[in-house]
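Reader: I'm new to protein structures and would like to learn how strands and helices fit together. Could you walk me through this one?

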Amino acid sequence: MKKAIFEKVGQMKLEDIEKPTVQAADDVIIKVIRACVCGSDLWAYRGLEDKAENSENSGHEAIGIVEEVGSEITTVKPGDFVIAPFTHGCGYCKACRAGFDGDCQSHKDNFSNGNQAEYIRFQHGQWALVKVPGKPSDYSEGMLKSLLTLADVMATGYHAARVAEVKPGDTVVVMGDGAVGQCGVIAAKMMGATKIISTSRHPDREALAKKFGATDNVAERGDEGVKKILALTNNEGADAVLECVGTELSTETAMKVGRPGSIVGRVGLPHTGKMDVSTSFGQNIILGGGPASVTTYDKARLLKAVLDGEINPGLVFTKSFALDQINDAYQEMTDRKVIKALVVVGD
């Protein structure tokens, strides 16, 4: 089978490798239909974090067909259409029962890698996999895109809004205009926010955020950006802030634009050595967040919302690539020509 490999900074490649096999009783082998590139995948590609050359790709989002199951798997069977969350919760530990399956306490190998491939071995699949009614051919390409967002970005944007405790009537600031930030706008709208301030510097991304429910946009950064965001809140500060980037500037801004007692829902993968939390202390800003509770949210609300047409997060995919175009998919996202790159793997 073919699998994308991180060759070196600025270069992905395909390799022919052995198809994965069941190695543990709770393994599920999945034939991938659609995969994609995540903003977090780009950090190594851009040389901003260390990653060994010729190593497994960090792609962690997929939808596909169950090919084979381990002896302990009873919830899915060969032929089932499934969403493969990037998290692998057990469903019964204290963290999972509290709705934080992104930090499942039952095992340490809780996150996916290597999903930009024709087949994947999904570990701990008994509870974590999300079954989709029917088969892929029952759905339009647009619906397949929305279903794929439920492997990560839509659930991650929702997690930011959940931990920030967005309520009806709230004013919400969303830091970040990538796929997670866009899905954060969707989630804030779902939870009843009436003023949603996006923070894009790109007209196409600003327009998409507006389509998803953003009411205002601030393109400026640093002190000027903080000033303009606060002005949109009558200088009182937002009720909730969704931090969907992970950089130092984004985090610092998030802590400066909330009102006292507001919560910053942090879901951007942190890429800063340390964080000064004195601002949050002085303003009574609450910090929360971490890996998303993907399976919990998909099963509780998000899958139904997509199937019912309540939300259309698949619009974050603005260009499609074949698997053998994987380097182009990474490069065009790096160049911000594409919001999120879809990788068409199979039928």
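Reader: Which residue in β13 does L242 stand opposite?

Author: Happy to help, and keep in mind that this is a predicted model. Strand β12 covers residues 238-243, and five bridges join it in parallel to β13, residues 258-266. Across from L242, in β13, stands G265.

Reader: Which strands stand at the edges of the open sheet of six strands?

Author: Try reading the order, which is β11-β10-β9-β12-β13-β14 with parallel pairing. The two edge strands each have a single partner, so one side of each is left without a neighbour in the sheet. These are β11 (216-217) and β14 (286-289).

Reader: What angle does the direction of helix α9 make with that of β13?

Author: Helix α9, residues 248-256, packs on this sheet and touches β9, β12, β13 and β14. Its direction and that of β13 make an angle of about 150 degrees.

Reader: Now to β16: which residue of that strand is the bridge partner of R34?

Author: Strand β3 (residues 28-36) pairs with β16 in the antiparallel sense, over three bridges. In β16, the partner of R34 is V344.

Reader: Which helix does the chain pass through from β15 to β16?

Author: Strands β15 (residues 317-322) and β16 pair in the parallel sense over five bridges, and F321 stands opposite V343 in β16. The β-α-β crossover from β15 to β16 is right-handed, and its helix, residues 326-334, is α12.

Reader: How many residues of β16 are buried?

Author: Strand β16 spans residues 340-344 and is largely enclosed by the rest of the structure. That is because the buried residues number four of the five.

Definitions and conventions. Residues numbered from 1 in each chain as written. Predicted model: local features only at pLDDT ≥ 70, side-chain atom pairs only at ≥ 80, totals over all residues. Heavy atoms only, no water. Pairing = 2+ DSSP bridges. Contact = heavy atoms within 4.5 Å. Axes fitted to C-alpha atoms, helices over the stretch in contact; angles between N-to-C directions. Buried < 20%, exposed > 50% of the residue type's maximum accessible area, 1.4 Å probe, protein only. Right-handed = clockwise from strand over helix to strand, strands pointing away.
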